[in-house]
Structure formats: structure tokens, C-alpha cells
Amino acid sequence: GKGNQVKLAGEISKFSAQPDFRLNLQEAVFNLKEILELAGNPVKPATVDGILKLANLEVNGHLQNSQPEMIAISKGSIAIDSFSANYPQSAAKIEGARLAVDLQDIKLENLALRQVSAQSSLTVSKTVFKDITVSNFNQQLRVNAEGSGPMVTKLVFSTVAGNVEYLHPQWGKLGSGLRMEGTAEGDLSAGDLNQFKVKLGSGSFLNASLQGKIEDFGKKDFQIDPSLNLDIDAFLRVLPPEIMKPLGMTLNRGIAEINAHIQGTLDDKYQMQSTKGKADLSLKEVDFQLGKPAIGAKSFTLQASFPLEYSPAKGIKIPVIDLNSRFVKIKALDNWEIGPAELRSRLTSQQFFSLTKDPGIVPLNYQVALALASIQSGKPEVKLAKLALEASLRGDFVPADKDVRNITLTGDMSVDNIEGLQKYKTGKARTVFTVDIHDRTL
């Protein structure tokens with residue numbers, strides 16, 4: 001075709017013995033549309049356009065017994081410019097794409113890859129697939145690998161999408177920017193990653209990461225540490241208000257966080273084997289308002305933390321769950337005002353919970369401590385100051401019956417004063433109590 005040309009030079013030495021060769025591809029230009037038309041347009045009904053360019057590609061090698069013993073690419077570039085594609089049957093198209101690959105050092109010995117050093121850049125102005133549109137996409141990748149036995153590979157990448165938009169049939173356009181970057185290093189062919197780390201973000205509301213290491217595709221060991229930080233107010237600003245209306249709730253601010261650690265092994269079918277982990281979950285400084293019933297909270301914080309152990313034979317064990325919360329103020333039913341307050345609780349159980357059979361009786365222990373500055377009511381006019389409660393509960397949970405038996409509850413509750421109806425007032429009071437329920441059927 002008119003848009004296709006190749007400039008090539010080369011030489012061969014020691015041709016009758018064990019030849020050495022050198023190839024220099026100075027320039028090669030191919031019009032993708034023309035090439036596909038000459039080939040009978042095998043991608044029909046899709047249409048493709050763009051220019052493929054190869055430049056300054058230097059290849060050296062050596063043959064042994066008419067077989068390639070060594071091939072080296074010392075430099076070269078490959079690019080696809082002004083690429084576009086359209087596939088109407090799937091409502092898919094690509095506009096303004098460019099791929100550039102810079103080959104810096106590649107070596108093969110007996111056709112086995114021994115060394116790679118290359119980097120690539122991919123930019124796309126617009127990609128459409130049905131109701132999803134991605135604009136201003138940019139991806140950078142760098143690869144370095146070397147080794148005559150195990151090949152250690154290092155990857156560094158970054159990806160940015162200026163906007164990812166979804167056209168929802170009910171809520172209209174939903175969209176935000178995306179960004180991702182990461183590194184990985186290890187022997188990929190053996191399933192070994194000495195370390196990997198990926199960061200993900202969206203707009204101003206989401207930051208997440210995943211890091212860890214893997215040995216033998218996880219069969220010998222894997223460690224994963226995920227984390228997530230979500231700005232609730234910034235997230236809700238990118239959503240249409242109609243999404244929250246069915247919940248009858250208004251959220252004004254707050255941060256949601258997740259941090260976890262998981263370590264274990266996989267079997268030959270990549271099923272999880274002996275695994276241990278820990279998770280920390282939190283909602284911080286949340287302001288919310290419910291419509292029905294009318295309840296509002298200011299600076300509400302909830303934190304949960306628990307370790308976890310899994311065994312295929314035994315099931316799951318969560319030996320302790322720590323649940324702590326606090327708030328500055330809660331208003332309820334246009335009458336009650338509560339706070340500030342802090343609640344600390346701990347649930348413990350040392351038994352595995354089987355996922356395949358009836359676990360039987362699961363002994364549980366629960367401790368709770370509450371410190372509440374005040375409770376006030378307008379109608380009737382009541383005020384309670386400095387309520388403190390410490391309690392402990394023990395019981396036997398029977399999952400098959402969805403029942404708790406053999407309950408023992410002990411506690412200590414005190415209050416500084418109670419005022420009511422502008423007439424009554426009490427001083428400091430304290431109550432110590434014990435409750436035993438051994439069989440609720442009696």
C-alpha cells in the first residue's frame with residue numbers, strides 16, 4: 001500500500017562455520033487499515049485505523065549448528081499512532097490511542113529469555129463500551145528482568161483515567177477519576193513475589209492499597225495487607241441524591257477505614273488452608289440524621305477489631321471481638337438528648353465454628369462498659385447525670401436452635417444524680433446485680 005515502507009540493513013559473518021548476524025531495522029511504517037484490507041479485513045464488522053512504526057531496532061545474534069544460540073536486541077522502538085477502532089455490534093469504540101514501547105536490552109539464549117529491559121506508554125483519548133466511557137487514559141509500565149535460572153522480574157506501573165463514567169438508566173451519569181500505581185518483584189514463573197504493592201484511588205474520596213508477598217503461587221505461603229480509606233462526605237457528593245432517599249438517612253461527614261492482615265497457605269486447587277488474620281474496621285466522626293424514627297448523631301465513632309483463624313477441618317475461630325464507640329451527642333424523637341458517651345465491649349469465644357456441620361454449643365463471654373455524661377428529656381422533663389455501667393455476660397450459644405442458654409449476667413451501675421419535673425432530685429446511687437437463667441423453658 002501507499003503508506004507502508006521498510007528500511008532494513010544487515011550482515012552475516014562466518015557464514016560457513018557458526019554464523020554471527022546483525023540486523024538493523026532503521027524504519028518500518030505500516031498503515032493498519034491498508035494491511036487489514038489487503039488481508040481481506042478479517043476483523044469485520046469492526047473497523048480499525050492507525051499507523052504501526054518500528055524504528056532503530058538493532059538485533060545481534062549467533063547460530064550454533066544452524067540453531068539460534070544467542071539473540072540480543074540492544075535498542076529499538078515500536079509505536080502505534082493515531083489508533084482508532086469501532087465495533088458497532090457491541091457499541092464499543094476507541095479514539096485517539098497511542099502505544100509506545102521502548103526496547104532497551106533483551107537477550108535470549110537458546111531461545112530462552114534471559115534478560116529484559118523495556119518500558120511502555122499507552123494513552124487513549126476516549127474508550128466507549130456500551131454505557132461506560134473512559135476518558136484521558138494514561139498507563140506507564142517498566143519491566144526489568146534478569147537471570148539464567150530463576151528470572152527475577154521487577155515491574156513498576158502507573159495508571160490514570162481522567163474520568164470513568166457510567167450512564168445509569170435511572171440516576172443518569174455517574175463518574176469519577178481513577179488512579180492506580182504499583183510495584184512487584186519476584187520470579188513470576190515460579191509464582192514467587194518477594195513483594196508487591198498496589199495503590200488505588202478515586203477522586204478525592206477513596207484511597208486504598210494492597211501489599212504483601214506470595215511464595216509458590218501461595219502454596220507455601222502468602223501474606224496480604226489490604227487497607228481502605230473512604231471520605232463519606234466526598235463520596236456522597238459524586239452520587240445523585242436519589243440514592244440515599246430510600247434509606248431515609250442523611251450523612252454529612254465521616255471517614256470509613258479498613259485495615260487487615262491475612263497470612264496462610266493454599267492447596268493444589270488454590271483452596272485456602274491454614275490461615276490467620278486480623279481486621280480493624282472503623283467509622284470516624286460521622287454526623288448522620290435519620291428521618292423515621294427521628295434520630296441524629298454528632299461525631300459518632302465506631303471501631304471494631306478482631307483476629308481470625310481458619311482451618312478446613314475445624315472451621316473459623318474469632319477468639320475476641322473488640323467493639324468501641326463514642327459520640328458527642330444523639331438527639332432522638334424530638335425529645336431526648338444523650339451524650340457525650342463512650343461504650344467499650346468485648347466478645348470472646350475460644351471455639352471453632354464449623355462451616356460444614358453443626359458446631360454444637362458455642363460458649364460466649366461478653367463484657368461491656370458504658371460512660372454517659374447525661375440524658376435529658378423535654379417531656380417529661382427528666383435529667384440524668386453521669387451514668388456508668390460495667391457488666392459481664394456468659395452464655396451458651398446454640399446455632400442450630402438460634403438460642404442462647406445458661407445465661408449469667410453480673411453488673412455494676414451508678415449514677416451521680418437524677419432530676420425530674422423540676423421537683424424531684426436524687427443524689428448518687430449505685431446498683432450491683434446478678435441474673436442467672438439456666439433453662440428458659442421452665
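This report describes the nonpolar cores, two residues of strand β21 and several backbone features of a predicted model.

## Basis of the description

The structure is a predicted model, in which local features need pLDDT of at least 70 and side-chain atom pairs count only at pLDDT 80 or more, while totals for chains, interfaces and linings use all residues. Residues are numbered from 1 along each chain as its sequence is written, and side-chain values use heavy atoms, with hydrogens and water left out.

## Nonpolar cores

A nonpolar core is here a set of buried Ala, Val, Leu, Ile, Met, Phe, Trp, Tyr and Cys residues joined through side-chain atoms within 4.5 Å. Buried denotes under 20% relative accessible area, exposed over 50%, and partly exposed the range in between (1.4 Å probe, protein chains only). In soluble globular proteins, nonpolar side chains tend to be buried together.

The largest nonpolar core has 15 residues; the members that touch the most others are Phe288, Ala297, Phe300, Phe327, Leu372, Leu384 and Leu387. Two or more residues come from each of α2 (232–237), β14 (272–290), β15 (295–311), β21 (362–377) and β22 (382–398). Helices (H or I, at least four residues) and strands (E, at least two) are DSSP runs, numbered from the N terminus. Apart from this core lies another, of nine residues, including Leu54, Leu57, Ile73 and Leu103.

## Contacts of Leu372 and Ser374

Contact means heavy atoms within 4.5 Å. Beyond its neighbours within four places in sequence, the core member Leu372 contacts Ile338, Gly339, Pro340, Ala341, Lys386 and Leu387.

Ser374 belongs to strand β21. Its relative accessibility is 14%, so Ser374 counts as buried. When residues up to four places away in sequence are set aside, Ser374 touches Glu337, Ile338, Gly339, Leu384, Ala385 and Lys386.

## Backbone features

Two cis peptide bonds may be noted. One joins Gly339 and Pro340, with omega about -5 degrees; Pro340 is placed in the loop between β19 (336–338) and β20 (341–348). Another runs from Lys379 to Pro380, with omega near -5 degrees, and Pro380 lies in the loop between β21 and β22.

Positive phi values occur at Tyr270 and at Lys386, neither of which is a glycine. For Tyr270, phi is near 60 degrees; this residue sits in the loop between β13 (249–266) and β14, and Tyr270 counts as partly exposed because its relative accessibility is 44%. For Lys386, phi is about 55 degrees. Lys386 lies in strand β22 and counts as exposed because its relative accessibility is 53%.
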